[in-house]
Amino acid sequence: MTRTVYLNGEYLPEAEAKVSIFDRGFLMADGVYEVTSVLDGKLIDFPGHRARLARSLHELDMAAPCSDDKLLAIHRELIAVNAITEGMVYLQVTRGNPGDRDFAYPPADTKPTLVLFTQAKPGLADNPAVRTGWKVISVPDIRWGRRDIKTVQLLYPSMAKMAAKAAHVDDSWFVEDGFVTEGTSNNAYIVKGNRIITRQLSSDILHGITRSAVLRFAAEAQMVIEERPFTIAETQQADEAFITSASAFVMPVVEVDGAALGHGKPGPVTTRLREIYLEEMRKTAI
Ligand code: PMP
């Protein structure tokens, strides 16, 4: 079955969806994106992703491409026509095609480019990696200073993912001024006893939609939340570590820079948080 994608008002076979070479997303990485997971054919935390998209657009003085209702309808239509039971919907909005290359933004009435496509990922919730956990290495965080905006400038995170692959591990954690910021495409946490420690929100990190839900569920489960920076050394002494993202949900981290955490196996707090997260989010999926 060929995949149907959405481009600027049209549902098209993927091979027919074409964007201009002058598109600001292509030339300037002048665009923002969201990735929403699909479980049981339904969107996980769509309101969270919609709200963050609005914030990213606002921070970059970009116009909303369409109404929120329309955005939800497009997501749903793509899930239906592509028969997605488990997977993701990727959405990207760019500042559009001004017809030439220029550093200055084009006139405000330039039509944004809106692209959405689905990715089928059978077994997304029952990911076997959860049973063994991820190994990570640390790399310097040399990204720009507005990591709270979810832009498509992902070259350095891609490089960091390649550094992880070269080291035969699963991901990289970024470190700035001695403290962990986040993972290449996820938020980072450590666990000490009943305490969950994760960096506080600022422009240093992306404000994860999964982070916000997981911290809410952790608090409801009487866990203590400490939002503060932590180091790699503190991580290596922690009982457990994990990451969160819309597509990995809650993923255990069992090794950091070659040092095994706890017993080198996913720990009980992480496992419990993943269970609660999936259970609760399935309830509110739309
Ligand atoms: N940090 C970064 C740098 C990311 O790219 C992502 C994933 N988009 C996250 C954190 C996690 O965010 P979310 O839970 O909203 O997927």
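## Salt bridges, ligand site and selected residues

A search of the whole structure finds 24 salt bridges, a salt bridge being a side-chain nitrogen of Lys or Arg within 4 Å of a carboxyl oxygen of Asp or Glu. The structure is a predicted model, in which local features need pLDDT of at least 70 and side-chain atom pairs count only at pLDDT 80 or more, while totals for chains, interfaces and linings use all residues. Residues are numbered from 1 along each chain as its sequence is written, and side-chain values use heavy atoms, with hydrogens and water left out.

Three of these pairs are listed below.

| Salt bridge | Closest N and O atoms |
|---|---|
| Arg-147 with Glu-176 | 2.9 Å |
| Glu-226 with Arg-228 | 2.8 Å |
| Glu-234 with Arg-228 | 2.7 Å |

Arg-147 lies in the loop between strand E7 (134-140) and helix H5 (155-166), and Glu-176 in strand E8 (residues 171-176), so their pair ties together parts that are 29 residues apart in sequence. Helices (H or I, at least four residues) and strands (E, at least two) are DSSP runs, numbered from the N terminus. Arg-147 is buried at 6% relative accessible area, whereas Glu-176 is partly exposed at 22%; buried means under 20%, exposed over 50%, and partly exposed in between (1.4 Å probe, protein chains only). Both residues belong to a network of salt bridges that also links Asp-141, Arg-143 and Glu-182. In the pairs with Arg-228, that residue is partly exposed at 25% relative accessibility, and Glu-234 is buried at 17%.

Glu-182 also appears at the ligand site, where 16 residues surround the ligand; the closest are Arg-52, Lys-150, Glu-182, Ile-209 and Thr-210. A residue counts as near the ligand if one of its heavy atoms lies within 4 Å of it. A polar side-chain atom of Glu-182 is 2.6 Å from a ligand nitrogen atom, and a polar side-chain atom of Thr-210 is 2.6 Å from a ligand oxygen atom. A polar backbone atom of Ala-246 lies 2.8 Å from an oxygen atom of the ligand. Taken alone the ligand exposes 390 Å², of which the protein buries 92%; accessible areas come from the Shrake-Rupley method with a 1.4 Å probe, and for residues only the protein chains shown count as cover.

Thr-36 is situated in strand E3 (residues 31-39) and is buried at 1% relative accessibility. Not counting residues up to four places away in sequence, Thr-36 touches Leu-43, Ile-44, His-49, His-75, Gly-87, Met-88 and Val-89, where contact means heavy atoms within 4.5 Å.

Definitions and conventions: Polar contact = N/O pair within 3.5 Å; in protein donor to acceptor, adjacent residues only side chain to side chain.
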